[in-house]
Amino acid sequence: LGWLIFFIILGTSVKYVNDRQQVVYIINGQRTVEQGPFTKIIWPSTRHEVRDAILLSQREYVVLLHERSQTTRHEPGPGQVFMDAWEKKVEIKEKIVLQKREYVRLIHRISGFERVVGGPQILVPEPFEEWPFGVETSIVIGHTNAVLVENKTSGMKRLVTDKGMFVPAPYERIMKEKNAVLLEPLSYAVVKDHLTGQTRNEVGPQLL
């Protein structure tokens, strides 16, 4: 009877781990991990957990949390992802897809650091980065329009007239798009600088 019990336990202790699995061993408060494929005997007295790999598509990434250090990392697809011994899956998210005329403003939730990334590309944000304004469309500046932007750190404003596709810098906000005013040959415009209070006359014909 003793041998029968032994062979039953032995049979249930044989683990067949495939190439999409891993085993986490928990011994004396420590964790180690062994990747498949392998076949071995793991006795019931050995605390362990068999985990499947995380499968990701081309446009997905996974958020992983290290339970000891509480650090987070993002692992992009496509493919299968194996976690470290102390990691757990938080969630699977979609990558940010940017087309040619699009951009996204990424803001670090803790430090407030900003970066602006333009397309076309598929982007995986860094841990703790958020994009509260979503994906935005850039403004094409030509001969008849300009863009007024404000730096939210300094409060300074500037008028952008450089021709081409405009993407704001970090910490800059687009206040409005301004269209040029056509001055006829026999007309003029009084222009006032709101910062200095000075005025000047602009005589037509011109685009102002």
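**Notes on a strand-rich predicted model**

1. Starting with Glu129: this residue belongs to strand S15, which covers residues 129–130. Keep in mind that the model is a predicted one. Is Glu129 buried or exposed? Its relative accessibility comes out at 10%, and since the cut-off for buried is under 20%, Glu129 counts as buried. Its side chain has a polar contact with the side chain of Arg115, at 2.7 Å. Once the neighbours within four places in sequence are set aside, Arg115 also turns up among the contacts of Glu129, together with Leu106, Ile107 and His108.

2. Now the overall picture. DSSP-wise, you are looking at 25 strands and one helix. The protein has 208 residues, and 28% of them count as buried. As for contacts with a separation of 6 or more, 50% of them come from residues 24 or more positions apart.

3. Arg105 is another charged residue to click on. You will find Arg105 in strand S12, residues 102–108. With a relative accessibility of 3%, Arg105 falls under the 20% cut-off and therefore counts as buried. What does its side chain reach at 2.7 Å? The backbone oxygen of Glu172. A second backbone oxygen, that of Ala169, lies 3.5 Å from a polar atom of the Arg105 side chain.

4. Pro168 ties in with the previous point, as Arg105 is one of the residues it touches. Pro168 lies in the loop that runs between strand S20 (164–166) and S21. Loop or not, Pro168 counts as buried, because its relative accessibility is 2% and the cut-off is under 20%. Leaving out residues up to four places away in sequence, the contacts of Pro168 are Tyr103, Arg105, Val116 and Ile174. Another pair to look at is Pro168 and Ser138: 30 residues separate them in sequence, while their C-alpha atoms are 8.3 Å apart.

5. S21 is also part of a sheet. That sheet is open, has three strands in the order S19-S18-S21, and pairs in the antiparallel sense. Why is one side of S19 and of S21 left without a neighbour in the sheet? Strand S19 (157–160) and strand S21 (172–179) are the edge strands, each with a single partner, so one side of each has no neighbouring strand there. On average, neighbouring strands in this sheet are turned by 25° against each other, direction ignored. Between strand S18 (residues 145–151) and S19, the antiparallel pairing runs over four bridges. If you want a residue pair to anchor the register, Val147 has Val160 in S19 as its bridge partner.

6. There is another open sheet of three strands, in the order S3-S2-S5 and again with antiparallel pairing. Its edges are strand S3 (30–35) and strand S5 (48–52), which each pair on one side only. Here too the average turn between neighbouring strands is 25°, direction ignored. Six bridges join strand S2 (residues 21–27) to S3 in the antiparallel sense. For the register, look at Val23, which stands opposite Glu34 in S3.

7. Strand S7, residues 60–66, is mostly covered. How many of its seven residues are buried? Six are. S7 has antiparallel pairing with strand S10 (residues 87–94) over seven bridges, and Glu60 stands opposite Glu94 in S10. S7 also pairs with strand S8 (residues 72–76), antiparallel over five bridges, with Val62 and Glu75 as bridge partners. S7 and S8 make a hairpin with five residues between them. In that turn, Gln70 has a positive phi of about 60°, a value to check if you care about backbone torsions.

8. Last, the rings. How many aromatic pairs does a search of the whole structure find? Zero. Charges over rings do occur, though. The charged end of Arg31 sits over the ring of Trp86, at 4.4 Å from the ring centre. Lys40 lies over the face of Phe38, with 5.9 Å to the ring centre; for Lys40, keep in mind that the distance cut-off is within 6 Å.

Note on methods. Residues are numbered from 1 along each chain as its sequence is written. This is a predicted model: local features need pLDDT of at least 70, side-chain atom pairs count only at pLDDT 80 or more; totals for chains, interfaces and linings use all residues. Side-chain values use heavy atoms; hydrogens and water are left out. Two strands pair if DSSP finds at least two bridges between them. Helices (H or I, at least four residues) and strands (E, at least two) are DSSP runs, numbered from the N terminus. Axes are lines fitted to C-alpha atoms, for helices over the stretch in contact, and angles run from 0 to 180 degrees between N-to-C directions. Rings of Phe, Tyr and Trp (its six-membered ring) pair if their centres lie within 6.5 Å; planes under 30 degrees apart count as stacked, over 60 as edge-to-face and the rest as tilted. A charge sits over a ring if NZ of Lys or CZ of Arg is within 6 Å of the ring centre and within 35 degrees of the ring normal. Buried means under 20% relative accessible area, exposed over 50%, partly exposed in between (1.4 Å probe, protein chains only). A polar contact is a pair of N or O atoms within 3.5 Å; within protein, one must be able to donate a hydrogen and the other to accept it, and residues adjacent in sequence count only if both atoms are side-chain atoms. Contact means heavy atoms within 4.5 Å.
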